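Open the model in your viewer and keep the selection panel at hand. The stops below move from charged side chains to a helix, then to the ligand, and finally to a strand and its surroundings.

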Amino acid sequence: MPFPFDISATDGRARTGLLRTPRGDIRTPAFMPVGTAATVKALTVGQVEQTGADILLGNTYHLMLRPGPERMERLGGLHRFMRWDKPILTDSGGFQVMSLSGISKLTEEAVTFSSHVDGSKHVLTPERSIEIQADRLGSDIVMQLDECVAWPAEESRAREGMELSARWAKRSKAAFGSRDAQALFGIQQGSTFEHLRRESSDRLQDIGFDGYAIGGLAVGEGHAAMCEVLDYAPEMLPADRPRYLMGVGKPVDLVEAVWRGVDMFDCVLPTRAGRHGQAWTWAGPINLKNARFAEDEEPLDPEVPCPASQDYSKAYLHHLVRTDEILGKVLLSWHNIAFFQALTAAMRAAIAEGRFEQFRRDFHARHVSNGR
Ligand SMILES: CC1(C)O[C@H]2[C@@H](O1)[C@@]1(COC(C)(C)O1)O[C@@H]2CNc1nc2cc3nc(N)[nH]c(=O)c3cc2[nH]1
């Protein structure tokens, strides 16, 4: 029985709802902070919970290398290991292998690769990825193993990757079997070719999944090209199941994707950029390293409910960034995750009240064109 997904309101193509899981409800549109190696970098799970996040993302690739699947199981699984008792979605590993590990080989059977940590050899099959995610890590939402084709792709190459991913979707579903307390999502591929994405969506629906991800994007194609794909890709997927856009993105990416029917997101940007001094605010992105903040005693963003934005001045944050202090990384990561949660909460309210079009216009006027 798939997790109930109750859509409480729609506004144009945008939806807001609740994905109900045994470990807790996920309010959608939802942003999942990335907890790659069993930690959302620089934050405690208590701080992450304070931001309003309902679900975290973990990575099979990193966790299978360290601490390893069998050790993680002996330690009680990922939730217990990191003391996060709410839902966790895990990515299946293929994308990270291709983007992070040095040597890798892709065949019909598996992806084999050398660890970027110590060069040790590893094999990931659809079956092994499901076993790691569902049985060793104990993930609530499991992703199929797929192939994310690099952008730009020739149509023939995009077709190959889409068809392999569809065959691996079938193997992933067979390995997952039927489970009540966990969900399995399929991943749509097809690069920037509409007919390939249509074929991918049809093949995934024939197999049947609890949710559907849009893969193959946020791989360098840029905002405009991504939106062109999102003009058709989300609505090729079942309207009554969650739609998850993988690896996205900047605040404006989230607004434009929600406008086109996407429900779930994840991205390293809030924490990664936060560690480098970049903060997102309702008035646009700023970098605290900039000299203009050296004596700016105003808070970062009074509308974002978190200590970094409320209790400190921009001058202090500027100082912490300039001196590369750990506290600067903590406060800006905390602020950025809190901002992404405030953004998704504002979008949920706007959709529920039927004013998302106005919200989108105001956001562009205030956040995008301003771009301080
Ligand atoms: C390589 C690394 C760490 O992953 C992040 C980050 O850099 C970076 C570099 O530029 C930004 C955009 C900021 O994000 O791109 C990655 C985020 N984009 C993305 N994540 C994805 C994950 C995926 N997982 C699966 N299973 N299948 C996919 O098709 C897939 C596609 C994806 N696209």
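Begin with the charged side chains: counting every side-chain nitrogen of Lys or Arg within 4 Å of a carboxyl oxygen of Asp or Glu as a salt bridge, the total comes to 29 salt bridges. This is a predicted model, in which local features need pLDDT of at least 70 and side-chain atom pairs count only at pLDDT 80 or more, while totals for chains, interfaces and linings use all residues. Residues are numbered from 1 along each chain as its sequence is written, and side-chain values use heavy atoms, with hydrogens and water left out.

**Stop 1: three salt bridges**

Select R27 and D54, whose side chains form a salt bridge with an N to O distance of 2.8 Å. The two residues sit 27 residues apart and link distant parts of the chain, R27 belonging to strand β3 (residues 24–28) and D54 to the loop between α1 (45–50) and β5 (56–59). Helices (H or I, at least four residues) and strands (E, at least two) are DSSP runs, numbered from the N terminus. For accessibility, buried means under 20% relative accessible area, exposed over 50%, and partly exposed in between, with a 1.4 Å probe and protein chains only. On that scale R27 is partly exposed at 37%, whereas D54 is buried at 10%.

Next, select R136 and E73, which meet in a salt bridge of 3.1 Å, N to O. This pair also links distant parts of the chain, 63 residues apart, with R136 in helix α6 (residues 126–137) and E73 in helix α3 (residues 69–74). Here R136 is the buried partner, at 18% relative accessibility, and E73 is partly exposed at 37%. Extend the selection to E70, R128 and E131, and you will have a network of salt bridges that also includes E73 and R136.

Then move to E353 and R355, whose side chains form a salt bridge at 2.6 Å, N to O. E353 is exposed, with a relative accessible area of 53%, and R355 is partly exposed at 35%.

**Stop 2: helix α14**

Select residues 326–352, which make up helix α14: its 27 residues reach 39 Å from the first C-alpha to the last, close to the 39 Å expected at 1.5 Å a residue, where the expected span is 1.5 Å times one less than the number of residues. How many of the 27 residues of α14 are buried? The number is 20, so the helix is largely enclosed by the rest of the structure. Just after α14, look at the backbone of G354, which takes a positive phi of about 65°.

**Stop 3: the ligand**

Show the residues around the ligand, counting a residue as near if one of its heavy atoms lies within 4 Å; there are 17 of them, and D91, D146, G216, L217 and A218 come nearest. A side-chain N or O atom of D91 is 2.7 Å from a ligand nitrogen, and a polar side-chain atom of D146 lies 2.8 Å from a nitrogen atom of the ligand. With L217, by contrast, it is a backbone N or O atom that lies 2.8 Å from a nitrogen of the ligand. Taken alone, the ligand exposes 650 Å², and the protein buries 78% of that, with areas from the Shrake-Rupley method and a 1.4 Å probe; for residues, only the protein chains shown count as cover.

**Stop 4: strand β14 and its neighbours**

Select strand β14 (residues 264–267), where both faces are covered: M264 and D266 on one side, and F265 and C267 on the other, are all buried. In a regular strand the side chains alternate between the two faces of the sheet. Strands pair when DSSP finds at least two bridges between them, and strand β4 (residues 30–33) pairs with β14 in the parallel sense over 4 bridges, with M32 standing opposite D266. Strand β13 (residues 243–245) also runs parallel to β14 and is joined to it by 2 bridges; the bridge partner of L245 in β14 is F265.

From L245, continue to V248 in the loop between β13 and α10 (251–259), a buried residue with a relative accessible area of 1%. V248 and M264 are 16 residues apart in sequence and 9.2 Å apart in space, C-alpha to C-alpha.

Key
A polar contact is a pair of N or O atoms within 3.5 Å; within protein, one must be able to donate a hydrogen and the other to accept it, and residues adjacent in sequence count only if both atoms are side-chain atoms.
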